[in-house]
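Please open the model in your viewer and keep the sequence panel beside it, since each stop on this tour begins with something to select. Take the stops in order, and rotate the view before you read on.

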Amino acid sequence: MSDATQVLPAVHDELPPPPPSAAPSRPEAVVQPGRLEAEAVSAWFGQRKVLDRVSIDLPAGQVTALIGPSGCGKSTFLRILNRMHELVPGAALAGEVRLDGEDIYDPERRLTDARRAIGMVFQKPNPFPAMSIQDNVLAGLSLVGSKLKRSERQDLVEESLTRAGLWVEVRDRLRQPGSALSGGQQQRLCIARSLAVRPRVLLMDEPCSALDPTSTRVVEETIREIGSQVTIVIVTHNMQQAARVSDRCAFFLAAHGAPGVIVEQGPTDVIFDNPQDSRTADYVNGRFG
Ligand SMILES: Nc1ncnc2c1ncn2[C@@H]1O[C@H](COP(=O)(O)OP(=O)(O)O)[C@@H](O)[C@H]1O
Ligand SMILES: [Mg+2]
């Protein structure tokens, strides 16, 4: 965090009670979706400010779409939500991000706690190509230090692939390499890999932009199916997709040379049918960007 963080007053008035303390080393059977709140988040790359005081509430068990033209800071914002931004050399940030009321940047908290609770699926499907399908699903567990018995691993593979909508297609070839799958299947495998860690929030950065329309629709169905069990934040360039999958939308925009801001946010039907800001109306109707 940059020094600017320190000057922002923390808001502790209306926070819900903290969740039960630290998860054990094994994923729990039931994990509730988490509520994420970003408050006055700003971001810099070197001297250049790319986000200015972005505040948003990402309600538990809902799908929120981040929309807006290229370069307005959507991916940067997503990386801030699970502490990946701080890995970029020269990157700084200010503001606060809370998961169920707890500051994920609290120096007392470990980085792996945030990563475990807040998963990420990237634009390009990135399974480990030589690793088997089942080992891909389990690959995130070792990173968070979880050790499971063989039968528990098998159950978790089936459960995660089922939740990701891929089980029926791969159940007979779990030992084949991840690279044997189609692009859309690979992306669902990556979703299964994220779900196996039992995150409370799943961040998705244009998860369908490398997929054909049929695979896109299958991934969208997957998002709708898991969206009530895990809070989802999805960046998408595709307005139809935002309208199909999201409960809420936030419209990001960066004026020429200025950092990105949220122009408008709210329920998806309001953003599409009755936006308050003319720039939102222009964007969702395809008049720019
Ligand atoms: N690693 C980086 N180093 C320097 N500038 C970056 C880096 N990543 C992104 N930027 C800049 O930050 C701004 C926001 O980028 P990004 O978050 O990727 O926007 P979006 O996802 O909305 O297209 C852009 O101007 C981009 O060039
Ligand atoms: Mg991006």
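Begin with the largest nonpolar core, a set of 69 residues in which V41, L81, A192, L203, V233, I234 and F251 have the most contacts inside the core. Helix α7 gives the most to this core, with six residues. As a general background, nonpolar side chains in soluble globular proteins tend to be buried together. Keep in mind throughout that what you are looking at is a predicted model.

**Stop 1: the whole chain**

Show the protein as a cartoon, and you should be able to find 11 helices and 10 strands. Of its 289 residues, 42% count as buried. If you consider the contacts between residues at least 6 apart in sequence, 72% of them join residues at least 24 apart.

**Stop 2: helix α7**

Now select residues 183–196, which make up helix α7. How far apart are the end C-alpha atoms of this helix? They are 20 Å apart, and this agrees with expectation, because 14 residues at 1.5 Å a residue should span 20 Å. Colour the helix by burial and you will find that α7 is mostly covered, with 13 of its 14 residues buried.

Within the helix, pick out A192, which was named above among the core residues with the most contacts. Leaving aside residues up to four places away in sequence, A192 touches V137, S160, L161, A164 and L166.

Next, step just past the helix to R198, which follows α7 and lies in the loop between α7 and β7 (201–205). Its phi is positive, about 55 degrees, although R198 is not a glycine. Is R198 buried or exposed? It counts as buried because it has 25 C-beta neighbours inside 10 Å, and the cut-off for being buried is 20 or more.

**Stop 3: Q123 and the loop after β7**

Select Q123, which is found in the loop between β6 (118–121) and α4 (133–143). Q123 has 15 other C-beta atoms within 10 Å, and it is therefore partly exposed. Then add A210 to the selection: the two residues are 87 residues apart along the chain, yet their C-alpha atoms are separated by 6.8 Å. Not counting residues up to four places away in sequence, Q123 touches D205, E206, P207, S209 and A210.

One of those contacts, E206, deserves a selection of its own, and you will find E206 in the loop between β7 and α8 (213–226). E206 is not a glycine, but it has a positive phi of about 45 degrees. With 20 other C-beta atoms within 10 Å, E206 is buried.

**Stop 4: an open sheet**

Turn now to the four strands that form an open sheet in the order β2-β1-β4-β5, with antiparallel pairing. At the edges stand β2 (48–58) and β5, and because each has a single partner strand, one side of each is left without a neighbour in the sheet. In general, the strands of a sheet pair through backbone hydrogen bonds, either parallel or antiparallel.

Select strand β4, residues 91–99, which is mostly covered, since seven of its nine residues are buried. Eight bridges join β4 to strand β1 (residues 36–45), and these two strands run antiparallel. To see one position in this pairing, show W44, which stands opposite A92 in β4.

On the β5 side, two bridges join β4 to strand β5 (residues 102–103), again antiparallel. Here L99 has E102 in β5 as its bridge partner, while R98 stands opposite D103. Strands β4 and β5 form a hairpin with two residues between them, and D100 in the turn has a positive phi of about 45 degrees.

**Stop 5: the ligand**

Finally, select ligand 1 and show the residues that surround it, which are F45, V50, S70, G71, C72, G73, K74, S75, T76 and V88. Which helix gives the largest share of this shell? Helix α2 (residues 74–81) does, with three residues. If you colour the shell by class, four of its residues are nonpolar, five are polar and one is charged.

Conventions:
Residues numbered from 1 in each chain as written. Chains lettered and ligands numbered in written order. Predicted model: local features only at pLDDT ≥ 70, side-chain atom pairs only at ≥ 80, totals over all residues. Near = placed C-beta within 6 Å. Nonpolar A, V, L, I, M, F, W, Y, C, P; charged D, E, K, R; others polar. Expected span 1.5 Å × (residues − 1). Buried ≥ 20, exposed ≤ 12 C-beta atoms within 10 Å, placed from the backbone. Core = buried A, V, L, I, M, F, W, Y, C linked by C-beta atoms within 7 Å. Contact = placed C-beta atoms within 7 Å. Pairing = 2+ DSSP bridges.
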